[in-house]
Amino acid sequence: MKTVAVLVGSLRRDSINRKFAEAVGKLASDRLEFKFSEIGDLPLYNDDLWANPPESVLRLKREIESADGVLFVTPEYNRSYTPALMNAINWANRPWGKNSWEAKPAAMMGATPGATGTAAGQNALRGLLNVIDMVLMGQPEVYFTYKPELFDADNNVADESTKVFLNRWIDRFTAWIERTSEPRTKAQADAA
Ligand SMILES: Cc1cc2nc3c(=O)[nH]c(=O)nc-3n(C[C@H](O)[C@H](O)[C@H](O)COP(=O)(O)O)c2cc1C
């Protein structure tokens with residue numbers, strides 16, 4: 001089964017984006033294996049730290065490089081994505097020539113209590129994912145207005161039309177990863 005490194009842009013314990021990502025991961029578990037990559041322990045980006053790189057940075061780079069695809073699930077902060085997510089993206093983009101994101105199949109989604117569903121935030125993120133050379137799925141877009149009643153007590157998607165919509169997204173992303181993955185060398189496959 002293909003693996004997906006999942007980065008949640010919120011560091012909050014009760015984050016609706018984390019809850020949403022976990023619910024999507026449960027729904028997808030017969031097609032994709034979600035592996036959450038934590039970003040809250042990364043220092044603020046500082047080039048000087050490459051002299052003795054923090055383990056959290058090396059771990060993030062390993063997790064991205066060994067995954068078949070990457071999913072970003074982020075809140076919208078003032079019509080953009082979060083600084084925590086940008087920090088993580090910058091770390092794994094370096095050192096020069098060792099961009100961990102390169103050619104990775106990617107997708108994004110976001111949840112907010114608000115009506116606009118993180119559309120503006122994702123629009124900002126789209127430009128960055130292009131610059132770091134990811135292969136971003138364009139459709140279906142997931143602009144999610146979070147309502148607790150759409151989920152059951154175990155954080156499974158309970159609402160039928162939400163389930164249908166997300167199942168279609170999962171099928172599309174699974175196919176996207178198959179279709180856009182670059183063939184791995186034997187060494188890469190062994191390391192994964
Ligand atoms: C600094 C800041 C800026 C925000 N800006 C937006 C925004 O532009 N659009 C929006 O829909 N919600 C905005 N919100 C509200 C978030 O959507 C809400 O706090 C949400 O619960 C954050 O996601 P999380 O629960 O995963 O942490 C903002 C919240 C913060 C803290």
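## Cores, rings and salt bridges

The largest nonpolar core has 30 residues, and F20, L71, W169 and F173 are those with the most contacts inside it. The elements β1 (2-8), α1, β2, β3 (69-73), β4 (105-112) and α5 each contribute at least two residues to this core. Another core lies apart from it, with 26 residues, among them L42, L60, F72 and A92. As a reminder before we go further, this is a predicted model. The background to such cores is familiar: in soluble globular proteins, nonpolar side chains tend to be buried together.

Let us stay with W169 for a moment. What is W169 in contact with, leaving aside its neighbours within four places in sequence? The list is V24, L71, A107, M109, M137, P140 and V142. One of these, L71, is also among the residues with the most contacts inside the largest core. W169 has a ring partner too: its ring centre is 5.2 Å from that of F173, and the planes are at 35°, so the pair is tilted. That label follows because planes under 30 degrees apart count as stacked and those over 60 as edge-to-face, with the rest called tilted. Both W169 and F173 belong to helix α5 (residues 160-180), where they are four residues apart, about one turn of the helix. Both W169 and F173 are buried.

Moving on to the other rings, a search of the whole structure finds eight aromatic pairs. In the pair of W50 and W91, the ring centres are 5.3 Å apart and the planes are at 70°, so this pair is edge-to-face. Here the partners come from distant parts of the chain: W50 is in the loop between β2 (32-36) and α2 (55-66), while W91 is in helix α3 (residues 83-92), 41 residues apart. Are W50 and W91 buried or exposed? Both W50 and W91 are buried. Ring pairs also join F20, F144, Y146 and F151 into a cluster, and F20 brings us back to the largest core, where it is among the residues with the most contacts.

Now to the charged side chains. Side chains of opposite charge can pair when their charged atoms come close. How many salt bridges does the structure hold? There are nine salt bridges, including the three in this table.

| Acidic residue | Basic residue | N to O distance |
|---|---|---|
| D171 | R31 | 2.9 Å |
| E63 | R59 | 3.4 Å |
| E141 | R126 | 3.7 Å |

The bridge between D171 and R31 links distant parts of the chain, with D171 in helix α5 and R31 in the loop between α1 (16-27) and β2, 140 residues apart. D171 counts as partly exposed, at 43% relative accessibility. D30 joins R31 and D171 in a network of salt bridges.

E63 and R59 both lie in helix α2, four residues apart, about one turn of the helix. E63 has 25% relative accessibility and so counts as partly exposed, whereas R59 is buried, with a relative accessible area of 19%. The cut-off explains the two labels, because buried means under 20% relative accessible area.

For the third bridge, E141 lies in the loop between β5 (135-136) and β6 (143-145) and R126 in helix α4 (residues 119-131), so the pair ties together parts that are 15 residues apart in sequence. E141 counts as partly exposed at 33% relative accessibility, and R126 counts as partly exposed at 26%.

Methods. Residues are numbered from 1 along each chain as its sequence is written. This is a predicted model: local features need pLDDT of at least 70, side-chain atom pairs count only at pLDDT 80 or more; totals for chains, interfaces and linings use all residues. Side-chain values use heavy atoms; hydrogens and water are left out. Rings of Phe, Tyr and Trp (its six-membered ring) pair if their centres lie within 6.5 Å; planes under 30 degrees apart count as stacked, over 60 as edge-to-face and the rest as tilted. Buried means under 20% relative accessible area, exposed over 50%, partly exposed in between (1.4 Å probe, protein chains only). A salt bridge is a side-chain nitrogen of Lys or Arg within 4 Å of a carboxyl oxygen of Asp or Glu. A nonpolar core is a set of buried Ala, Val, Leu, Ile, Met, Phe, Trp, Tyr and Cys residues joined through side-chain atoms within 4.5 Å. Contact means heavy atoms within 4.5 Å.
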